[in-house]
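Please open the structure in a viewer and follow the stops below in order. Each stop names a selection and then describes what is found there.

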Amino acid sequence: MPVANVPLGQLRRLVGRDLGRDDLVQALAELGCDVEGRAVVTSYRCGRCSQITEVLEHEDFNSKCAHCGSGDITVSGSAEVIRLNLLPVRPDMFDVAGLARALRGYLGIETGLPNFGVRASNFEVIVRAGLEEIRPYIACCVVRDLALDDETVRMLMKMQENLHWALGRNRRRASIGVYDLDTVTPGFEYRPVQPEALKFVPLFGMPDGMVAATPKQILERHPKGIGYRHLLEPFDRYPLLRDSQGKVLSMPPIINSEETRVTADTKNLLIDVTGPDLNAVTRTLAVITASLYDLGAKLESVDIVYPDGSRTTTPDLAPMRMTVTAKTARQVLGFDVPDIESCLTRMRYGIEVGNQASANLHGQCPHDRPRNESTGRMAVLVPAYRSDVMHEYDIIEDIGIAYGYQNIVPRLVPTLTVGKPQWAEEFADRCRGIMTGLGYLEIMTLVLTNDHEHFELLGMPTPASAPPRDPGLSVPSSGLPGRAMSGYCQVENPTSVDQTMLRKHLLSGLLATMRVNVSREMPQLLFEVGECFEIDPKVETGVATRHRLAAGITGPRAGFADIRQVADTLIRELDLIVSFEPLEPLETFIPGRAAKLLVRRGGRNLEWGMLGEVHPRVLENFGLGQPVALLEVTLDILL
């Protein structure tokens with residue numbers, strides 16, 4: 001996870017209380033922040049682009065600007081910072097203003113639902129047709145009278161990039177543009193343009209200087225264009241935001257215009273968030289505007305007019321109403337909280353209390369109150385910037401944090417039971433014993449992966465992704481990777497681009513492990529027993545769990561005969577009747593050196609798995625220079 005450097009002095013000023021360093025670190029830890037420690041950061045100003053580069057003490061520094069690469073830099077100051085690992089679930093605490101807001105509530109300095117005053121700017125953004133398949137949604141806000149200095153500008157830019165990572169999923173779902181409002185002329189137009197329809201100077205210029213470039217040239221040559229062009233490459237037109245005079249503000253989600261760059265002299269801002277996910281767009285803007293309001297800015301709304309004539313006003317900072325019951329909170333936390341309302345207001349929630357919602361929640365020892373009391377419901381107002389609150393349990397977690405996990409009195413559970421492993425796990429342990437007896441080393445890889453490594457690099461056709469519980473899907477009983485597959489289970493809100501789906505097989509995990517051990521002694525004998533997941537409308541959740549065993553051997557002489565010996569040993573030790581047949585064409589294996597396994601169960605031959613020598617093209621994809629042979633079987637069929 002990214003690490004944020006939070007200026008200690010600025011944090012104390014915004015909290016409004018002169019907390020000692022140890023007290024502040026303890027409060028942050030109790031809030032759930034992972035505090036790495038403190039450090040001194042030195043800031044260097046670039047004479048070419050005026051941007052600030054921050055360097056930690058004892059950190060190697062090449063004396064060049066991190067933005068444009070210029071060596072014309074001078075020291076502009078230093079500050080003591082607290083280093084925090086950012087929590088993806090709390091993007092509202094990525095910046096010093098949001099962190100101070102949470103601390104003020106937790107410490108009881110300022111409690112309850114924050115009130116953000118938003119006036120109307122009377123500005124409009126006209127969205128033109130043609131963006132429906134690219135980035136159709138936009139949300140904007142005008143920010144006035146913000147006292148900017150170098151420290152605040154740096155904070156704003158860091159918050160922008162951190163939100164790109166968390167809520168924006170590396171700009172895929174949402175991307176942010178921040179502009180100097182006094183350099184543009186309202187109103188605004190968000191429209192698609194041809195790759196070479198116009199030219200503008202991108203932020204910090206092109207590699208050969210402050211020269212204008214077409215959108216196509218920016219994608220091909222600008223560092224940000226190269227880094228994020230995959231988001232626009234599938235399309236023949238690109239999004240563009242410009243003002244009433246035709247001045248370009250940005251080309252979302254790639255780069256802003258140099259003409260609208262924000263500096264320490266900027267007084268008024270225009271902020272936009274664009275993307276294909278309306279929820280991510282609106283939540284991202286809510287986080288930014290809430291923080292800027294806490295820094296003393298005045299907020300003004302902007303009207304968005306879509307091609308179908310519909311209108312919306314942004315930012316939407318209205319709280320979301322949810323319901324919490326004291327009974328559920330007691331069941332989830334395992335203890336009674338004497339004052340739920342106080343805990344909620346300290347976590348910056350608003351409360352709408354019914355006649356019986358919390359009449360009995362105050363002033364009693366939790367162990368003195370009968371178990372059937374305090375079961376009333378209360379309406380909770382969730383701040384718009386809390387994008388992580390999606391369920392009652394999320395609010396209950398905050399109740400526990402506010403109460404203080406360190407204040408919970410340990411006690412024995414009332415009922416003691418003796419557990420035993422499930423039959424499937426006992427059978428898996430038996431298989432592990434066979435494999436370790438053959439000299440194979442067990443590995444454990446992540447169940448989350450991505451379709452590029454799981455299918456494309458392995459030479460398997462990428463099935464169409466599908467959500468759980470799709471009644472039009474069916475899945476073969478074996479879920480064999482080489483078979484025609486019905487789809488795979490995507491993660492709705494992945495934390496990174498490398499973990500976007502649940503794995504369907506174990507083979508890519510074996511090859512990835514071999515890839516990071518190419519310098520180790522050969523041959524290498526690896527196996528894994530783990531869970532894989534498939535779309536299956538017959539099960540309650542819509543996703544079926546399959547237990548599989550996979551084995552691989554890599555080395556100068558690894559081949560089909562070696563992995564066939566492993567299969568024969570498994571067959572003998574598990575007392576199975578198995579036949580081998582040629583495997584239908586699959587780019588994963590060398591033609592003629594692969595087979596599928598059919599196991600005899602209940603008078604029928606069922607597909608059990610497959611084995612073979614890996615194709616040289618797949619070895620090259622994974623960066624492997626030695627031959628590899630793989631085996632994978634489904635254990636569920638044997639249960």
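Begin by selecting Ala4, which stands opposite Leu84 of strand 4. The model on display is predicted.

Extend the selection to strand 1 and to strand 4 (residues 73-85), whose antiparallel pairing spans 5 bridges.

Next, display the whole sheet. This open sheet has 4 strands, ordered 1-4-2-3 and paired in the antiparallel sense. Its edges are strand 1 (3-7) and strand 3 (52-56), each of which pairs on one side only. On average, neighbouring strands of the sheet are turned by 40° against each other, direction ignored.

Now select helix 1 (residues 8-15). Helix 1 packs on the sheet, where it touches strand 1 and strand 4. The direction of helix 1 makes about 65° with that of strand 1.

Which residues of helix 1 are buried? They are Leu8, Gln10, Leu11 and Val15. Turn the view to look down the axis of helix 1: the buried residues fall within an arc of 165°, so they line one face of the helix. To see what surrounds these buried residues, add their packing partners: strand 1, strand 4, helix 2 (21-30), helix 3 (96-106) and helix 4.

Move on to Gly16, just after helix 1, and inspect its backbone: the phi angle is positive, at about 85°.

Finally, select helix 4 (residues 150-166), one of the partners of the buried residues of helix 1. Helix 4 lies across strand 1, strand 2 (34-46) and strand 3. Relative to strand 3, helix 4 runs at about 85°.

How values were computed. Residues are numbered from 1 along each chain as its sequence is written. This is a predicted model: local features need pLDDT of at least 70, side-chain atom pairs count only at pLDDT 80 or more; totals for chains, interfaces and linings use all residues. Side-chain values use heavy atoms; hydrogens and water are left out. Two strands pair if DSSP finds at least two bridges between them. Helices (H or I, at least four residues) and strands (E, at least two) are DSSP runs, numbered from the N terminus. Axes are lines fitted to C-alpha atoms, for helices over the stretch in contact, and angles run from 0 to 180 degrees between N-to-C directions. Contact means heavy atoms within 4.5 Å. Buried means under 20% relative accessible area, exposed over 50%, partly exposed in between (1.4 Å probe, protein chains only). The arc is that of the directions from the helix axis to the C-beta atoms.
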